[in-house]
Structures are given as C-alpha cells and as structure tokens.
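Welcome! Let's take a walk through a protein together, one step at a time.

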Amino acid sequence: MLDMTRLMDALPKAYQKAVRSTDGLIEVVVDLGRPLELRYTTGTERIDGLVPSDKELKHILDRVSVFGADNRSGIDGTLHRVSRIVNRTNDVVGLTMRVGRPFLGCVDIISDLLESGASFLVLGRPGIGKTTKLRDIARYLSSEAEKRVVIVDTSNEIAGDGNIPHEAVGFSRRLQVPLHRKQDEVMIEAVENHMPEVVIIDEISTYQETMACRTIAQRGVQLIATAHGRTFDDLMLNQPLWGLIGGIKTVTLSDSQAKQRGCSKTVQEREMAPTFDAVVELIEYDEVAIYPDMAECVDTLLRGGRVKPERRRINGSQIETVASCRLTLPTPPRETHEEDHRRGRERTGKGTSSRDRRR
C-alpha cells in the first residue's frame, strides 16, 4: 500500500530493515538514547541494536510535515500521525509514529443508523478505532449515500495530512483546525459557510464544543462525533459534556411523587432534548453496542434504572444481533400491610375520633 511505503521511506534504512512486517504494525517509537520500539497488535518489540541519536531523529523530522501547537504532524498524503516529545528548550527528543489505515466497509454494522439520518455519538476505549469508524462513515455517506459531508478535522486525524483529503473519506470536504481550542469555531463555520447535510467531528471534549454541537443539531444537520469516554456511563459522569445528553438538573419532588418513584425527594432529571439521537459504543473492532434512543436511556439511568443496549457482532460475512435494547426502571417499594391499613383508615375516616374527622 502506498501509505505504508511512505511511512517506511520516512525511516532510516536500518529501521526499515528492523520492521519484520507492516501487517499488524501499530506504532514506531523513536526515543533519543533508547532502543527502537515497534508496537504490533501482538505485542512490543525492542530492537537493542538500534538506539536513536539526534541524527536518526533529524532524518525522520526532515520527512514529515510541520508540527502544530499540539505537537502533532503527519506524512503528506497519508493517514499516519507523528507526535513529538520536546525538552525544555524545544528540542525534539522523541517521536511516536502511529500507523493510520483505511478500513473500507467497517461501518456496515451500523449502516441502518447512518441511512436513518440520525445524529449519533461514538464512544470507546483509546485505540479501539473510533477515528477509523468516522473515516469510513465519511466515505459511506459522501460516496454511497451521496450526501454533502464536511469533516471538521483537528490535527488532520480523519482525512490525513496535506491539503488534499485522503481517498478513504470519499467525496467529503474537510476543514482543518489550526488549534484545538478553535475547534468549536470551525464547527460553526462548517455549517454557516458550506451548507453540509452531515458534519463529522472527532473528540468532543469541552463545554464550548458541546454548545457548538447543539447549534449544529438545531439547524437540522446530521451530526456524527466521538467523545471522551469508553461507555455510556462515562458520558453520564463527564460534566463538561452534559450538554450532549440534554443537561442534568437537580429537582425536588413532592412526597407523593417520591413515593411513587420509590426514591428520595431530591433527584436529577434531564433539562432538554439531547444533542444526539443515539450512542454507539465500540466494544471490539467487530462488535458494537447501540443505544437507539439517547433521551430515553438518559432518563432511565437518572431514575436509577438499568439500560441494556442492542449488541451487534460481525460473524463472517453476516451481521447478527446478540442482544436487543432493554430499559428497566426500578420498582417502587411496596407499602407494608400496616401502611395499607393506615391509608384505608384515612380514606374512610374509620378509626379516628370525631374531633379528628372534623379537622
């Protein structure tokens, strides 16, 4: 593959020979004065005979793009990401070269969700493939569904390095983000200037970005994004991102309401409609958990209930549903026999004095 050839060309000759195979290669770690590290899906290899010096670091730096304020760069025309470590005088002392690969068709497992026009949030642990999913979502919606797709691309993570978006994103257009703190501004610019039907964003992490997401959703644009968090529960605990789930407020219930729900009088409730319609958790590369109705799921969790998502898995060439979505609300406590008897007396007035009944 051309992308892998360009990655290897950026390495010194001796390092190229040390790479036993590019299949399963995840990262190449080049740290000053330490053995070269090759990280594969099967484990890490340290090459004791190859200890990088300033010369090897300079060889690589001369072959990658200019680094941004986030200390990230890339290799022009590829999906690879290069991150640097600098010392106190801003000299580069380490590089992490992360391999980027397109996986066409990896969104088939959620194609129905894409075609529905629903906005959804993608969650999952680091390295599970969230950005890879976004990349193929962009390809699917722009090329197969023929929609107007705009990618808001911080650090060129989704569409690759250089001025021309990588072919892996199909016919999507891409807005580059110069600084991460300006991502929310570029998100609004995407909607106001370029008339998209779909906006795709990687890593929503701040309050300002959640507000920008709400603005996009309110304009009727399909919004697909990733966020910090491995699971739906993580999202519920991440206060800066509460705007994505509709906000959370504390309310005080009446005695009868608290009794009916079987909870304390002070509870948390959702303030407004969520920004996203659904949530997709990436469990493994070939397995996902889908929460098809974010509003209903948030309400259930806030009331102390349980949510079991729909789980899908790729089995060979087939996509099978492992479990269906199910919501379970807590059961209000049953009144004791004495409480039933007391309430009956209060309704009929029996068992009370004539003076109490007159009151």
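We will begin with the sheet, move on to the helices beside it, and finish at a single serine.

Keep in mind that this is a predicted model. Look for an open sheet built from nine strands. Reading across the sheet, the strands come in the order 9-8-10-11-7-14-15-17-18, and their pairing is mixed. In general, strands of a sheet pair through backbone hydrogen bonds, and they can do so in a parallel or an antiparallel way. At the edges of this sheet you will find strand 9 and strand 18 (318-323), each of which pairs on one side only. From one strand to the next, the twist averages 20°.

Now zoom in on the edge formed by strand 9. Strand 8 and strand 9 run parallel and are joined by five bridges. One example you can trace is Asp-153, whose bridge partner in strand 9 is Gln-176.

Next, turn to the helices. Helix 6 (residues 183-194) lies across strand 8, strand 9 and strand 10 (198-204), and runs at about 150° to strand 9. Helix 7 (residues 207-218) also packs on the sheet, where it touches strand 10 and strand 11 (222-227). The direction of helix 7 makes about 165° with that of strand 10.

Finally, find Ser-155, in the loop between strand 8 (149-154) and strand 9 (173-177). Is Ser-155 buried or exposed? Its relative accessible area is 18%, and buried means under 20%, so Ser-155 counts as buried. Leaving aside residues up to four places away in sequence, Ser-155 touches Asp-70, Arg-72 and Val-177. With Asp-70, Ser-155 also shares a side-chain polar contact of 2.3 Å.

Note on methods: Residues numbered from 1 in each chain as written. Predicted model: local features only at pLDDT ≥ 70, side-chain atom pairs only at ≥ 80, totals over all residues. Heavy atoms only, no water. Helix = DSSP H or I, 4+ residues; strand = E, 2+ residues; numbered from the N terminus. Buried < 20%, exposed > 50% of the residue type's maximum accessible area, 1.4 Å probe, protein only. Polar contact = N/O pair within 3.5 Å; in protein donor to acceptor, adjacent residues only side chain to side chain. Contact = heavy atoms within 4.5 Å. Pairing = 2+ DSSP bridges. Axes fitted to C-alpha atoms, helices over the stretch in contact; angles between N-to-C directions.
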